[in-house]
Amino acid sequence: MTTVTPATAADRTGVSIDTLRYYEREGLIGPIRRSAGGRREYTEDDLFWIGLVTCFREAGLGIADLREFVTILRAEHSPQDRVAFLRERRATLQQRAAALSRAMEVLDEKITYYS
């Protein structure tokens with residue numbers, strides 16, 4: 001199994017080493033395996049999960065939401081539970097996107113007006 005160092009994991013996922021540690025402490029990723037010397041070693045699966053958590057964070061999901069999703073996954077909830085969680089968050093994102101779109105339209109109108 002191929003593993004990478006924390007620095008490489010941070011570089012490949014676009015998050016800081018501190019963020020990787022934070023995600024692990026919060027139980028959002030991991031547990032991350034350790035070398036004989038105690039250094040973290042990230043697998044491709046770990047990098048996938050870091051990418052997923054990062055995507056969800058960028059979409060506006062909070063740590064509590066992410067903990068809930070991880071709990072749903074780890075507790076072997078039904079696929080319907082997983083889909084329901086994701087649909088709820090998607091609906092919220094859709095509302096935010098609509099609000100941002102309206103705000104951009106107003107800004108565009110003001111830009112045109114003042115130009």
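A crossing of two helices is right-handed if the near helix is turned clockwise from the far one by less than a right angle. In this predicted model, helix 3 passes helix 4 in just such a right-handed crossing. The contact joins W49, L52, V53, F56 and R57 of helix 3 to I63, L66, F69 and L73 of helix 4. Sorted by class, these residues comprise eight nonpolar, no polar and one charged. The axes of the two helices come within 10 Å and cross at roughly 140°; helix 3 and helix 4 are therefore oblique to each other.

Helix 4 (residues 63-74) also packs against helix 5 (residues 79-114), with axes that come within 9 Å and cross at roughly 160°. Because angles over 145 degrees count as roughly antiparallel, helix 4 is described as roughly antiparallel to helix 5. Here the crossing is left-handed. On the helix 4 side, the contact involves D65, E68, F69, I72 and L73, which meet D81, R82, F85, L86 and R89 of helix 5. By class, this contact has five nonpolar, no polar and five charged residues.

Turning to the interior, the largest nonpolar core holds 22 residues, of which L20, L28, I29, Y42, I50 and L66 touch the most other members. Two or more residues apiece come from helix 1 (6-13), helix 2 (17-25), helix 3 (44-58) and helix 4, and helix 4 gives the largest share, six residues. I29 offers a handy view of the surroundings: beyond its neighbours within four places in sequence, I29 is in contact with L20, Y23, E24, Y42, W49, I50, V53 and R74.

Key
Residues are numbered from 1 along each chain as its sequence is written. This is a predicted model: local features need pLDDT of at least 70, side-chain atom pairs count only at pLDDT 80 or more; totals for chains, interfaces and linings use all residues. Side-chain values use heavy atoms; hydrogens and water are left out. Axes are lines fitted to C-alpha atoms, for helices over the stretch in contact, and angles run from 0 to 180 degrees between N-to-C directions. Helices (H or I, at least four residues) and strands (E, at least two) are DSSP runs, numbered from the N terminus. Angles under 35 degrees count as roughly parallel, over 145 as roughly antiparallel, 65 to 115 as roughly perpendicular and the rest as oblique. Contact means heavy atoms within 4.5 Å. Ala, Val, Leu, Ile, Met, Phe, Trp, Tyr, Cys and Pro count as nonpolar, Asp, Glu, Lys and Arg as charged, and the others, Gly among them, as polar. A nonpolar core is a set of buried Ala, Val, Leu, Ile, Met, Phe, Trp, Tyr and Cys residues joined through side-chain atoms within 4.5 Å. Buried means under 20% relative accessible area, exposed over 50%, partly exposed in between (1.4 Å probe, protein chains only).
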